[in-house]
Amino acid sequence: MIKVIGVRFRGGGKVYYFDPAGIQLKREDQVIVETVRGVEIGTVLLVDKEISDDEVPGPIKKIIRKATEDDVAKAKKNLEKEKEAFSICNEKIQKRELEMKLVGAEYTFDNNKLIFYFTADGRIDFRELVKDLAAVFHTRIELRQIGVRDETKLMGGIGICGRELCCKSYLADFVPVSIKMAKEQNLSLNPTKISGLCGRLMCCLKNEQETYEYLNSRLPGVNDFVTTPEGIKGTVQSVNVLRQMVRVIIEEGDTKEARDYSVDQLKFKPRKRKIQVSKEEEKELKELEDNN
């Protein structure tokens, strides 16, 4: 086991491990570290975390130093420079009539590299654009093509829940999401209601999936036969997943009556619940799911 600190860089994303090198740090401290992109400034999220050697793919780099007031001021100045770089790059793109959408610009902390993020429908020959930008900024230029999910993560926004987007605030990696998850949670399969700002299925569908799978596994299916506490057999009309309640239709002679029971009160043969998606739903949502 080795003791490390966890550092996150701007825009959410993954937490990276570094050797504190004897420097006393606490959460929310800013530190200067060396990364594969160059020297960067990041924020400490985990302190004195113990991990096994298997959790680290390679040698752990040491913290260079705790960020000073000058370092913080330089990072803020870089943000202002990035706005100017973004504007200049946009002008160059328009001048060369390239079919690409510029999403963001980012300086490394030491200004040794300037990265431009863009989206495009296909491959773009931006070699001449790189030369134009290098002549203006006199530093290493990197143009990085990203997808619509990464674009939304970079730009941020507010979700339909009223909170900051998960991908922007805390989500380290994009998780696989499927239509069956929405079906399992009994959500409307209207694409406008289960897709995020990026136009893809909402990442938060994954958050409660395990809970719904467990709760659904304890319930009978609609139209299944169950035995009530009174020893009467009935047919399941509907279920309430979160309340774990079952509405049962009981026939006594010529009369039918709907009664509500807790799932623990009923006797039935458990079976693996299959998620059914109609052909109409599948056709309407296929493109949305494929893009995820």
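The exercises below go through a predicted model of one chain, each with a worked solution.

Residues are numbered from 1 along each chain as its sequence is written. Because the model is predicted, local features need pLDDT of at least 70 and side-chain atom pairs count only at pLDDT 80 or more, while totals for chains, interfaces and linings use all residues, and side-chain values use heavy atoms, with hydrogens and water left out.

**Exercise 1. Describe the overall build of the chain.**

Step 1. Take the secondary structure: eight helices and twelve strands. Helices (H or I, at least four residues) and strands (E, at least two) are DSSP runs, numbered from the N terminus.

Step 2. Compare the radius of gyration with the globule rule. The radius is 27 Å, well over the 19 Å that the rule gives for 292 residues, so the chain is more spread out than a compact globule. The radius is taken over C-alpha atoms, and the rule is 2.2 Å times the number of residues to the power 0.38.

Step 3. Add the box along the principal axes, roughly 90 × 50 × 30 Å for the C-alpha atoms.

**Exercise 2. State how much of the chain is buried and how its contacts are spread along the sequence.**

Step 1. Buried residues make up 37% of the 292 residues. Buried means under 20% relative accessible area, exposed over 50%, and partly exposed in between (1.4 Å probe, protein chains only).

Step 2. Consider contacts (heavy atoms within 4.5 Å). Of those between residues at least 6 apart in sequence, 58% join residues at least 24 apart.

**Exercise 3. Find the buried face of helix H2 and what it packs against.**

Step 1. H2 covers residues 127-137, and Leu129, Asp132, Leu133 and Phe137 are buried in it.

Step 2. Seen down the helix axis, these buried residues fall within an arc of 115°, so they line one face of H2. The arc is that of the directions from the helix axis to the C-beta atoms. An α-helix has 3.6 residues a turn, so residues three or four places apart point the same way.

Step 3. On the other side of H2, the exposed residues are Arg127, Lys131 and Ala135.

Step 4. The packing partners of the buried residues are helix H1 (69-95) and strands S6 (101-107), S7 (113-119) and S8 (140-145).

Step 5. Just after H2, His138 has a positive phi of about 55°.

**Exercise 4. Place Ile88 relative to H2.**

Step 1. Ile88 lies in helix H1 and counts as buried at 18% relative accessibility.

Step 2. Leaving out residues up to four places away in sequence, Ile88 touches Val136 and Phe137.

Step 3. The C-alpha atoms of Ile88 and Leu133 are separated by 8.3 Å, with the two positions 45 residues apart along the chain.

**Exercise 5. Describe helix H3.**

Step 1. H3 spans residues 148-155, with Arg149, Glu151, Thr152 and Lys153 buried.

Step 2. These buried residues pack against S6, S7 and helix H4 (166-169).

Step 3. Gly156, just after H3, takes a positive phi of about 75°.

**Exercise 6. Which residues does Lys113 contact, apart from neighbours within four places in sequence?**

Step 1. Lys113 sits in strand S7 and is buried, with a relative accessible area of 8%.

Step 2. Its contacts are Arg37, Glu106, Tyr107, Thr108, Thr139, Arg140 and Glu142.

**Exercise 7. Locate Arg200.**

Step 1. Arg200 is in the loop between helix H6 (191-194) and helix H7 (209-217).

Step 2. At 18% relative accessibility, Arg200 counts as buried.
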